[in-house]
Amino acid sequence: MNSLALFSALLIALLLTGCKPPSSSILEKGLIYCSEGSPETFNPQLVTSATTLDAISRQLYNRLLEFDPVDGSLQPSLAEYWQVSEDGLTYTFKLRDNVAFHSTRYFTPSRPFNAKDVLFSFKRWFDIDHPFHHIGGGIYPYFDSIQISENIQTIEAVSSKVIRLKLYRADSSFLSHFATDYAAILSAEYADHLLEKNTPELIDMQPVGTGPYILTHYQKDAYIRFKRHVQYWQTKGNIENLVFDITSQSSLRLAKLITRECDVIAYPVTSEMAILNNEDKVSLQAQPAINVGFWAFNTLKAPFDNPNVRRALAAAIDKQTILKAVYYGSASEANSILPPFSWAYQAPKQGNKPNASYNPDLAKRLLSEAGIKPGFTMDIWAMPIERAYNPNARKMAELIKENLKEVGIKVKIVSYEWNTFRRLLSEQKHDSVLIGWAADTPEPDNFFSPILSCASAIVGSNRAAWCNTEFDETISQALTVEGRENRKRYYAKAQKILDFEMPVVPIAHSTRYLAKQDNVYNINFSPYSSIGFSQVEKNQ
Amino acid sequence: MMYYLVRRLNLLLSTLFILSIITFSLGHLFPGDPVQNFSGLREFDYEQYTILQEKYKLDGSYIQQYLAFISQVFNGDLGVSFNSQSPVIDELFKVAPSSIELSIYAMLLAILVGIPLGFWAGLRHQKLIDYSLYSLSVIGNSIPLFWLGLMFILLFSLNLNWLPMSGRINLLYEIPQSTGFILYDILKSDLPYKSQALYDALAHLILPTLTLAMVPITLLLTTTRNTVIKVMQTNYIKAAQTKGLSTWQLAKRHVFRNTMLQVIPQIALAFNVLMTSVMVTEVIFSWPGMGSWLIEAIYQRDYPVIKAGLLVVSAFIVFIHVCIDLLHAFTNPLYRKL
């Protein structure tokens, strides 16, 4: 009881003095990142959720290749260099020497990284007979969705430092998959150790990687603690302890940044930008994200099966107002599905895109030509959740409703709970929908195949249910030809078809934000990957 | 005294019995399969299902089921959390110490501040100090807790930047958890950054403790004040006054003891208020205790946690209440004859 009384007295004394705690080296050499949610697993192969990838992918693991954070080109990582055969079917990777795996309280590796680890990591998702394939559910969402395993003929270790991969058919986007967050390299030795102990499922919960940090403690919905991997093979920053403080409320993250309880915060929302800009010692980093928010028409239903009607509707909406009211100026106007910094993007030429800009007169004319009478009623489905590519679909729908009223079209806004919404959408019950797409690689194909190909119309991820054989052929050819310039030509053609057919109206490419204290530098905050703290520096 | 003790214990046991019945019924009343609600497991095969059904006697009568449930509770088996799939009892041991710690400090603060101020106001009845303290306590009592907490955050954390606004300690300090009472754990550890960590933990404690203590302080202040005024008006005090005793001597010899006898049961009442307020306070200050844990469980429809939380929190309140009642009876012979 005496000590309690002493504490209380201390409490009061502290309040009266209101002084700052003495500085401590543990705080100077540590960094707190306030993230928005708990990771579902500690293996990036098993998820596509950005929250999970941010927490684990770049802190715990490396991949064979990396995307350059500036231009998205492929850079060596665990593979020192690589070769592609002339026919584009054989890929050979030379692996780096002396890369150490994490020594943790649950596992101490006896050897550095080698070809066995690459074989293990790839075979886990690609070979259904692999002992670890079905551990953790047997679903590898990213690799399954691009159907990459169907194209892999063989994968073998030529030596302990060389891996060779053979494909059935050439695919110029193939290499880029090995730089995505999902292509993490796990330890084969650790996997064997777990098999011996008969606890293989621990591989996804107690991770062992080669990344810059080692997981030390995780408490769900509270925090994740990492400590520096002292034998990390790449340049290190001056941070010894990294903590992810899980704070789901965005306003709380903002407040904790202001009180300096967080060094860096995830996803500040656009309406908080003004506060952040006025705050001293806090800076905002912006990065165009590889995404697009669009308005898709159900091309299976009349009159949306008529390209003239779709073009008319596209011309009837004022994208500038939408950018101001929905994105608070944090997005750029989209005139293509591809974001402007994609290498395959081509700026529209004057006169090339007659329907790209707001033109209600043209819209009225096209509508009357298509036989649409004033008073025509249509649905706009607005997705019920916030996404960077569309922070407020409902508000966007309201604005479009006003625009369409001017050209004589009545709009009914429809929304359901997110899971029901997606189900009904796949059943093509909608007239039109406000939705979007965020890509995983800088590859242009990632914007075309999953959302506009005929295959995706069957799977249901093509929200316009649009299938155009010429477009489909063009995007498949773009994958088989060599050289960016050649591929660019095909993608330009594909975009031209989209401009004319207008199954979806691209609306905006949004920006991704990160807010941090001024004394924190070198965060890997790139549009091509999740957040990375390997080289982060903190000054006092 | 013995008779009184038996009566109180009887009250304690019967309340706990009713509580256990309510908690047991929730397993059937919550939506979903009772096997899931009782065990907390989300997925199981047929074999596991039958084992669990047998364990909770779910194919038997309600009485059998209740007995099975109670025996599980006594074995410390409260099922597993839907959300984290870890045993509820483990989670409870993780979060309970931080709530208890916060409540103890707040209660201590309330006693140390509320009662002396109440005395002061009572002894200075109808003087400036009485009016001021009484008005302050009325204001303090009328301010909603969440608003007060937010105002503290706004002033001391966001504007003045004096104190942290969330959590128990800066997460960069890694404190080995032995008892869960953070200050004790820090003092016991041999960490190189012990003093800084202690300072940081104390700084984190100030705002939640102040917020949580506000209502009990005003409650104890008002009760003490009113009791002192009443005691001061009694004949024996008047007699003592005519004997020429100073106010201080009066207070020391007569008023203090007679007032405390009536204030002690109020501490129990204040404790009740505290237990409900601690939930709100924890949410405002992101304090990782039972309040945040239960509210998160409500959001996530985590029935095993809601059930266990209800049982444990209410049993704890009843237990404390009876303890203070007994303490009161022990110190006040008049009371136990009632």
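This text goes through the domains and salt bridges of chain A and then the helical chain B in a predicted model.

Chain A is divided by the domain assignment into three parts. Domain 1 is assembled from three segments, 24-39, 211-281 and 518-539, while domain 2 covers 62-203 and domain 3 covers 291-512. Between the C-alpha centres of domain 1 of chain A and domain 3 of chain A the distance is 35 Å. Where these two domains touch, domain 1 of chain A contributes 9 residues and domain 3 of chain A contributes 7 residues.

The area buried between domain 1 of chain A and domain 3 of chain A is about 750 Å², and carbon and sulfur atoms account for 61% of it. On the domain 1 side, A:Thr270, A:Phe525 and A:Tyr528 together provide 62% of the area buried against domain 3 of chain A, more than any other three residues. Two of these, A:Phe525 and A:Tyr528, belong to the segment 518-539 of domain 1, and A:Thr270 belongs to the segment 211-281.

What is the chemical make-up of the domain 1 side of this contact? By class, the residues of domain 1 of chain A that touch domain 3 of chain A are 5 nonpolar and 4 polar, with no charged residues. A salt bridge needs a side-chain nitrogen of Lys or Arg and a carboxyl oxygen of Asp or Glu, so a side without charged residues cannot supply a partner. In keeping with this, 0 salt bridges are found across the interface of domain 1 of chain A and domain 3 of chain A. Polar contact between the two domains comes to 1 residue pair, with both residues at pLDDT 80 or more.

Salt bridges do occur elsewhere: over all chains, the whole structure has 20 salt bridges. One of them joins the side chains of A:Arg58 and A:Glu66, with N and O 2.5 Å apart. Both A:Arg58 and A:Glu66 are buried. A second pair is A:Glu80 and A:Lys94, whose closest N and O atoms are 3.3 Å apart. Because A:Glu80 is in strand β4 (residues 79-84) of chain A and A:Lys94 is in strand β5 (residues 90-95) of chain A, this pair ties together parts 14 residues apart in sequence. A:Glu80 has a relative accessible area of 32%, so it counts as partly exposed.

A further salt bridge links the side chains of A:Arg124 and A:Asp204 at 2.8 Å, N to O. A:Arg124 sits in helix α4 (residues 115-126) of chain A, and A:Asp204 sits in the loop between α6 (188-196) and β8 (213-219) of chain A, so the parts tied together are 80 residues apart in sequence. Both A:Arg124 and A:Asp204 are buried. Shared partners also join A:Arg58, A:Arg63, A:Glu66 and A:Asp181 into one salt-bridge network.

Chain B has 14 helices and 0 strands. Its C-alpha trace spans about 85 × 55 × 40 Å along the principal axes. Of the 338 residues in chain B, 49% are buried. Among contacts in chain B between residues at least 6 apart in sequence, 69% join residues at least 24 apart.

B:Leu117 gives a local view of chain B, and its place is in helix α5 (residues 88-123). Is B:Leu117 buried or partly exposed? B:Leu117 is partly exposed, because its relative accessible area is 25% and the buried class requires under 20%. Apart from neighbours within four places in sequence, B:Leu117 is in contact with B:Leu133 and B:Leu221. The C-alpha atom of B:Leu117 is 9.0 Å from that of B:Leu220, a residue 103 places away along the chain.

Methods
Residues numbered from 1 in each chain as written. Chains lettered and ligands numbered in written order. Predicted model: local features only at pLDDT ≥ 70, side-chain atom pairs only at ≥ 80, totals over all residues. Heavy atoms only, no water. Domains from an automatic or database assignment. Contact = heavy atoms within 4.5 Å. Buried area = accessible area lost by both parts, 1.4 Å probe. Salt bridge = Lys/Arg side-chain N within 4 Å of Asp/Glu carboxyl O. Polar contact = N/O pair within 3.5 Å; in protein donor to acceptor, adjacent residues only side chain to side chain. Nonpolar A, V, L, I, M, F, W, Y, C, P; charged D, E, K, R; others polar. Helix = DSSP H or I, 4+ residues; strand = E, 2+ residues; numbered from the N terminus. Buried < 20%, exposed > 50% of the residue type's maximum accessible area, 1.4 Å probe, protein only.
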